[in-house]
Amino acid sequence: MSWFDRAERGLREFYVAPYRRVFARAKRDEEDLFMMLVLSEALGVPNPASGATLELLPEMLDRMHDWHIRQGLDQSPLDGMQCC
Amino acid sequence: MDAPNSLVLAIIGVGMMLAGYFLYSRFLAKKVYKLNAEFKTPAHQFTDGVDFLPTNRYILWGHHFTSVAGAAPIVGPAIAVIWGWLPAFIWVTLGTVFMAGMHDFGALWASTRNKGTSMGALSGTYIGARGRNLFLVVILLLLLMVLAAFAVVISGLLVAQPGAVIPTWGALVVAVFVGQAIYRFKWNLLAVTAVGVVLLYALILLGDAYPVSLPEEGMFGLTPEGVWIVLLFIYSGIASMLPVWVLLQPRDFINGIQLFIGLGIIYGAVLLATPTVVAPAVNDALPDDTPPLVPLLFVTIACGAISGFHGLVSSGTSSKQLDRETDARFVGYFGAVGEGLLALGAIIATTAGFQTAAQWSDFYNSFSSGGVPVFVEGGASIINAGLAIPSGLSATILATMVVLFAATTLDTGTRLMRFVVQEVGEIAGVKIKTWLATLIVVALAFGLTFSQGADGAGGMALWPLFGTTNQLLAGLTLTILTIILIRKGRPFLPVLLPAAFVLFMTIYAAMVQLVNLYNAGDWLLLVIDIIIIIAATWVLVEAVIAMLAARKAPKEPEDDVALTEDQKLPRSV
């Protein structure tokens, strides 16, 4: 790797790193909101797009455990879907 | 004592801090904190790519250092050399070696051993629920004082160095440009950085050629300083609410680059010019309004000798990214050394940047006349002698550097305090919207600043009080560290003695200021000072109770017994 590339990479790290957490957290908050939209029917909130979000459910199940822990719930809030 | 050469001062100071790192921090790592490379740090145990992320120790040090370094280690020494260069020099070097390094290192270690939790949470664990509340109060006070003190510093500098006005505000445009170039246009970062730095220095040249002074009689019934303070708070309110990538991130980046350029310029100029220290070692012709050296020196210089604020960065952020526990020594202790070097540079600039002792005393003819403007003047003449940059331009460069630093702290502080206000709201069961929380923060800081008069002259009353709060926080952190060490049955005197010293000086300084503020009839600051005294006494009482309890409790086992296989990392490869 040339010194030019290395300088570019080091500089990028210097630029990105201090705010990496801020961005990652903002992204996570967005995904948490999305998770709640997907689960809204199951949580008892009527969702006009439930047909579409139902399809997403299997995709989201992997992230379910981390999500409910982050929301401060030790157990999954949904009877039908227990992950732990 | 003969006037020493500033180069000698720099070499002794740097030598002492390096010796502190190589000798004392090694002792701390082996005997007191007993770092264990096999201990599974929170970064490994809870890796989530967001908060917990094992990070290369040099990069982590870079983040840590740029988070803790700011304008404070320049402002404090620039005021405190009024007592002569020797007391400030001794306090900065010994403070960095035996207190700041130990404190930052210890906070990092303690948090790493407690799942990366913050000092606030640790005070809850080791002192109890009251300890936690106490911590919130101190942090809120500290942030408020930071905002007010720095607004005064910046406005004073913008009036004293009108050349810095264009680069200061122009830097915001440069930062926005950098942010857009990187996120929207995805240009090469190296090129963008070069263009950004060139633009910033072009602005400095422009500002130097076209200084902007507000009319001396003021505007809208405010003094020039007052106008700048209003504009600064409007700016920090807006900046703290913008998405971070638009302004804060590129601005921090440019400032970081500027920090290294600035440090290079100052130390390079000292190396080439080797100016003589003209200030007296101990000033025996103190102006009448100067408060007593003991205890005020120890709160005037907080950052650069020991600063509680570092514990917040150490415990909340850096501890979650520590790859190996043994890295804590480099990241924590050396972070404090970096800040000590900045303070040392400020001492040299303010004591060696003048031709004669008489000229020096003209600048320090009153306690409120010292501070950053003198750093800028003195530093400029050293740069002029060493690098042959015209004095006026050198002064503009330094003033811009300090203003940009302080402004960073101002908007980051506004942002942080907004979170605290929203948290307090949540505890009270009220949801406070972002704009309202920002407004509350700005209004509080604004009120505090203007309670000192609209001309910024009150900065000298605010600064020591800010230092006192900062030291109180350091004392609280050291107390928690001592309790942890007692519980583990480790040697605790290297932490307890500095803790006792810092807490004693905090209370003593608060008492001295109590009298001064009462005599001056400054009721708002008097109330804040009383809160500080109550909080400090409270810390002391809680600390003694918790320490006595910890002494009686059975000792916690050491790693060789306590660590399960699950809590260990594979040996480094």
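These legends walk through several views of a predicted model with chains A and B.

**Figure 1. Chain B, seen as a whole, is built with 22 helices and 0 strands.** Its radius of gyration is 23 Å, close to the 25 Å that the globule rule gives for 573 residues, so chain B is as compact as a globular protein of that length. If you follow the C-alpha trace along the principal axes, chain B spans about 70 × 60 × 50 Å. How much of chain B is buried? Buried residues account for 56% of its 573 residues. Contacts also reach across the sequence: among those in chain B between residues at least 6 apart, 86% join residues at least 24 apart.

**Figure 2. This view picks out a domain that UniProt lists for chain B.** The unreviewed entry gives "domain: CstA N-terminal" for residues 5-351 and 367-509 of chain B. Take the stretch 5-351 of chain B: the chain there is 71% helix and 0% strand. The C-alpha atoms at the two ends of that stretch are 11 Å apart.

**Figure 3. Here helix H5 (residues 85-113) of chain B packs with helix H20 (residues 493-520) of chain B.** The angle between the two helices is about 115 degrees, and their axes are 10 Å apart. H5(B) passes H20(B) in a left-handed crossing. Which residues meet here? From H5(B) come Phe98(B), Met99(B), Met102(B) and Gly106(B), and they meet Pro494(B), Val495(B) and Pro498(B) of H20(B). Sorted by class, the residues of this contact are 6 nonpolar, 1 polar and no charged.

**Figure 4. Chain A, shown by itself, has 4 helices and 0 strands.** Reading along the sequence gives the pattern α-α-α-α. The radius of gyration of chain A is 19 Å, well over the 12 Å that the globule rule gives for 84 residues, so chain A is more spread out than a compact globule. Along the principal axes, its C-alpha atoms fill a box of roughly 55 × 30 × 20 Å. Buried residues make up 8% of the 84 residues in chain A.

**Figure 5. The last view brings the two chains together, with 15 residues of chain A in contact with 14 residues of chain B.** Which elements of chain A give two or more residues to the side that touches chain B? They are helix H1 (3-16) and helix H2 (20-38) of chain A. H1(A) supplies the largest share of that side, 7 residues. By class, the side of chain A that touches chain B holds 9 nonpolar, no polar and 6 charged residues.

Key
Residues are numbered from 1 along each chain as its sequence is written. Chains are lettered from A and ligands numbered from 1 in the order in which they are written. This is a predicted model: local features need pLDDT of at least 70, side-chain atom pairs count only at pLDDT 80 or more; totals for chains, interfaces and linings use all residues. Two residues are in contact if their C-beta atoms, placed from the backbone, lie within 7 Å. Ala, Val, Leu, Ile, Met, Phe, Trp, Tyr, Cys and Pro count as nonpolar, Asp, Glu, Lys and Arg as charged, and the others, Gly among them, as polar. UniProt positions are given in the numbering used here, feature names are shortened, and annotations may be inferred rather than shown by experiment. Axes are lines fitted to C-alpha atoms, for helices over the stretch in contact, and angles run from 0 to 180 degrees between N-to-C directions. A crossing is left-handed if the near helix is turned anticlockwise from the far one by less than a right angle, and right-handed if clockwise. The radius of gyration is taken over C-alpha atoms; the globule rule is 2.2 Å times the number of residues to the power 0.38. A residue is buried if 20 or more other C-beta atoms lie within 10 Å of its own, exposed if 12 or fewer, and partly exposed in between; C-beta atoms are placed from the backbone.
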